[in-house]
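Colleague: Please take a close look at one part of this chain, the way its helices pack and what lies between them. I would like the packing set out first and the overall form of the chain after that.

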Amino acid sequence: NTQLLATRTSIFDVKERQEREERIESNKEALVSLTASNEIINAQNVWAQLNTDLGEDEVDYIEGEGADLMTAMYASVAEERAKAEDYSAALSFVNAGLEINSFDGTLEELQPLYQTEVYINELLNSFSTVNTLDADVRNKVREIEDYSPTRFTSFSRDAEKLLLDRINEL
């Protein structure tokens, strides 16, 4: 009776382990496909499941191939959003990718570029509506100048025009 119970448990354990391994392989294949087609929500779900299933067993995949697939997808989607001049969304995707791999070279390059554009848009919008400027504005202007001297030049011209228009309105 004890031996029968042990045999059943052993069979159950083997079956469970086999199903887990099949699910992991299936999810790895799905992640390749989903990240290649920029299906963010589905890729995130599969990524979360892989992280749960693999845990400490396959750190190499989580920190290597899997992370590379996810960060490449986030970079691709961020670049698409930037082409559409939706820099806020682009920056969100870059930051999501950096949460997976904070040392991804592509994302590290894109982050200051998109942050600069977000700041420029925020500042130009605020210059056309606010009556006072705070220290945060100075910090953002300084970061724009540091991140992208070329964009700072055109931003300065646009900001100057907006501020002059605003002064003339008052």
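Modeller: What follows goes from the nonpolar cores to single residues, then to a helix pair and the whole chain. The model is predicted.

The largest nonpolar core has 16 residues, and those touching the most other members are Leu31, Trp47, Leu50, Tyr61, Met70 and Met73. Four helices each supply at least two residues of this core: helix 1 (2-36), helix 2 (40-54), helix 3 (59-63) and helix 4 (65-83). Helix 2 gives the most, with six residues.

Met70 shows what such a member touches. Setting aside residues up to four places away in sequence, Met70 touches Leu31, Thr35, Ala43, Gln44, Trp47 and Ile100. Leu31 and Trp47 are themselves among the core residues that touch the most other members.

Apart from the largest core lies another, of 12 residues, including Tyr87, Leu91, Val94 and Val118. Leu91 is also a contact of Gln115, as is Tyr147, when neighbours within four places in sequence are left aside. Gln115 itself sits in helix 6 (residues 105-127). Is Gln115 buried or exposed? Its relative accessibility is 17%, so Gln115 counts as buried, the cut-off being under 20%.

Tyr147 leads on to the next pair. Helix 7 (residues 135-147) packs with helix 8 (residues 149-169) at an angle of about 135°, and their axes are 5 Å apart. The two helices are therefore oblique to each other. On the side of helix 7 the contact is made by Val141, Ile144, Glu145, Asp146 and Tyr147, and on the side of helix 8 by Pro149, Phe152 and Phe155. By type, six of these residues are nonpolar, none polar and two charged.

As for the whole, the protein chain has eight helices and zero strands. Its radius of gyration is 24 Å, well over the 15 Å that the globule rule gives for 170 residues, so the chain is more spread out than a compact globule. Along the principal axes, the C-alpha atoms fill a box of roughly 95 × 25 × 20 Å. Of the 170 residues, 34% count as buried. Among contacts with a separation of 6 or more, 58% come from residues 24 or more positions apart.

Technical notes. Residues are numbered from 1 along each chain as its sequence is written. This is a predicted model: local features need pLDDT of at least 70, side-chain atom pairs count only at pLDDT 80 or more; totals for chains, interfaces and linings use all residues. Side-chain values use heavy atoms; hydrogens and water are left out. Buried means under 20% relative accessible area, exposed over 50%, partly exposed in between (1.4 Å probe, protein chains only). Contact means heavy atoms within 4.5 Å. Axes are lines fitted to C-alpha atoms, for helices over the stretch in contact, and angles run from 0 to 180 degrees between N-to-C directions. Angles under 35 degrees count as roughly parallel, over 145 as roughly antiparallel, 65 to 115 as roughly perpendicular and the rest as oblique. Ala, Val, Leu, Ile, Met, Phe, Trp, Tyr, Cys and Pro count as nonpolar, Asp, Glu, Lys and Arg as charged, and the others, Gly among them, as polar. A nonpolar core is a set of buried Ala, Val, Leu, Ile, Met, Phe, Trp, Tyr and Cys residues joined through side-chain atoms within 4.5 Å. The radius of gyration is taken over C-alpha atoms; the globule rule is 2.2 Å times the number of residues to the power 0.38.
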